[in-house]
Amino acid sequence: MAGFTVRRTGADDYGKFIKALIAGKPGSGKTRVSATFPNPLIASAEGGLMSIADQGVPYVEIDSIADLIGVRSIMEADAETRADLVGCPVDTIVIDTIDTVQKLLVRERLAESKQDSMKINDWGWLGNQMTAIIDGFRSCDAHVVFTCHIKDKQDADTGRVWFEPDLQGAISGQIPGMVDLALVLQSRSISRANEETNEIERTLERYLQVAPTEQFDWVKDRSGKLPAVIPVDMETEFTRLFDWIFGGVSVDVGEILLEAEVEDPRSVKPTVHRAGVSHSDVVPEGEKATGTVLPTETAVCAVCSESVTEDQADMSKIKQRKVLCVNHLREAEKGDSK
């Protein structure tokens, strides 16, 4: 017996945590912005932590994939156990950077196979490993941030330039779809005239690019609630992101509209039990909805009236535009071939 349940979306569908990709050029501030997330633990594969040296952020140096697996085992524990293991609360894991992690995988693969370069099978292995690592951390009950460098690409014919996550293989295009937010941290120089000294003063302004552009077409905001551009102050980034995404969430837990049971999904249409009299009635969790049972419809052959499965009916409709049993469908196909 198989079955499925139809529900309305509710507060449970928002989840509790933000899973983000923050990409940018070296020195753009990716690590410092990530450190604004609550109680972060930095899995530092790159080694550049000077920007947060004044914040006392706990970190683990990732020199091998075994180190990364150890960190993931900590993050898979509940919040209380994580705090006991690390010595402080950990509500966010930052993988800094995910492209450096990929380089570690390549290095270890070549060392193990005693090769100088990656072969075709190695690239498939690398893609699978990267997907497993990203999925493993993404499933943790915590905020997750993958930082990543960006690389520029240019069309040889048109001269068009665009930017992508600095990852090798298909994972470069896949990782934005594996997170809730795929953002680019950028900076721009602003020139202003000092009215007192008449001198030109230049300041550097940083901002998170949230809406996709021609140069960053993979940037995304799954919540659809963030502004296109977010000014960065290196202190309140997480608070603002969280408030924008979750601040207006007041939807109750999703109600059950109906349940359906299927004895044999391959040949029988589902028997549907509707929830109550109207769709506004809520069926308590764990209880079966009551109401009218919709009759099961059986398809029959247009020639001999023999019952046929739903798959067979669909196939014959496609091929002959009418319901036929297996034998009469074969006869019809033979006639067509003559």
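## Gln102 in helix α4

Gln102 is buried, because its relative accessibility is 2% and the cut-off for buried is under 20%. This residue belongs to helix α4. The model in which these values were computed is predicted. Apart from neighbours within four places in sequence, Gln102 has contacts with Leu126, Met130, Leu167, Gln168 and Ile171. Leu126 and Met130 are also among the residues of α5 that meet α4.

## Packing of α4 against α5

Helix α4 covers residues 98-113 and helix α5 covers residues 120-138. Their axes come within 11 Å and cross at roughly 135°. The two helices are therefore oblique to each other, since angles count as roughly antiparallel when over 145 degrees. The crossing of α4 past α5 is right-handed.

On the α4 side, the residues in contact are Ile98, Val101, Gln102, Leu105, Val106 and Arg109. On the α5 side, they are Asn121, Asp122, Trp125, Leu126, Gln129, Met130, Ile133 and Ile134. Sorted by class, this contact consists of nine nonpolar, three polar and two charged residues. An α-helix has 3.6 residues a turn, so residues three or four places apart point the same way.

## Cys148 and Pro165

Which strand holds Cys148? Cys148 lies in strand β6, residues 143-154. With a relative accessible area of 0%, Cys148 is buried. Its C-alpha atom is 5.6 Å from that of Ile98, and the two residues are 50 places apart along the chain. Ile98 is also one of the α4 residues that meet α5. Leaving out residues up to four places away in sequence, Cys148 touches Leu21, Ile22, Ala23, Gly24, Lys30, Thr97, Ile98, Asp99, Pro165, Asp166 and Leu167. Leu167 is in contact with Gln102 as well.

Pro165 is part of strand β7, residues 161-165. Its relative accessible area is 1%, so Pro165 is buried. The contacts of Pro165 outside four places in sequence are Leu21, Cys148, His149, Ile150, Lys151, Ser172, Ile175 and Trp218. Leu21 thus appears in the list for Pro165 and in the list for Cys148. Between the C-alpha atoms of Pro165 and Trp218 the separation is 9.2 Å, with their positions 53 residues apart along the chain.

## Thr31, Asp96 and the cis peptide bond

Thr31 sits in helix α1, residues 30-34. Its relative accessibility is 8%, and Thr31 therefore counts as buried. The side chains of Thr31 and Asp96 form a polar contact of 2.9 Å. Beyond residues up to four places away in sequence, Thr31 touches Gly48, Leu49, Ser51, Ile52 and Asp96.

What is the form of the peptide bond from Asp96 to Thr97? The bond is cis, with omega near 0°. Thr97 is located in the loop between β5 (92-96) and α4. Thr97 is also one of the residues touched by Cys148.

## Backbone exceptions

Most residues other than glycine have a negative phi, and most peptide bonds are trans. Met234 has a positive phi, near 65°, and is not a glycine. Met234 is in the loop between β11 (229-231) and α7 (237-246). Is Met234 buried or exposed? Its relative accessibility is 12%, so Met234 counts as buried.

Ser305 is not a glycine either, and its phi is positive at about 65°. The loop that contains Ser305 runs between β14 (299-300) and β15 (307-308). Ser305 is exposed, because its relative accessible area is 53% and the cut-off for exposed is over 50%.

## Ends of helix α3

Helix α3 spans residues 79-86. At its start, a side-chain oxygen of Asp78 comes to within 3.1 Å of the backbone nitrogen of Glu80. After α3 comes Gly87, which has a positive phi near 100°.

## Whole chain

The chain has nine helices and 15 strands. Of its 338 residues, 37% are buried. Among contacts between residues at least 6 apart in sequence, 57% join residues at least 24 apart. One contact from the sections above is that of Cys148 with Ile98, two residues that lie 50 apart along the chain.

Methods. Residues are numbered from 1 along each chain as its sequence is written. This is a predicted model: local features need pLDDT of at least 70, side-chain atom pairs count only at pLDDT 80 or more; totals for chains, interfaces and linings use all residues. Side-chain values use heavy atoms; hydrogens and water are left out. Helices (H or I, at least four residues) and strands (E, at least two) are DSSP runs, numbered from the N terminus. Buried means under 20% relative accessible area, exposed over 50%, partly exposed in between (1.4 Å probe, protein chains only). Contact means heavy atoms within 4.5 Å. Axes are lines fitted to C-alpha atoms, for helices over the stretch in contact, and angles run from 0 to 180 degrees between N-to-C directions. Angles under 35 degrees count as roughly parallel, over 145 as roughly antiparallel, 65 to 115 as roughly perpendicular and the rest as oblique. A crossing is left-handed if the near helix is turned anticlockwise from the far one by less than a right angle, and right-handed if clockwise. Ala, Val, Leu, Ile, Met, Phe, Trp, Tyr, Cys and Pro count as nonpolar, Asp, Glu, Lys and Arg as charged, and the others, Gly among them, as polar. A polar contact is a pair of N or O atoms within 3.5 Å; within protein, one must be able to donate a hydrogen and the other to accept it, and residues adjacent in sequence count only if both atoms are side-chain atoms.
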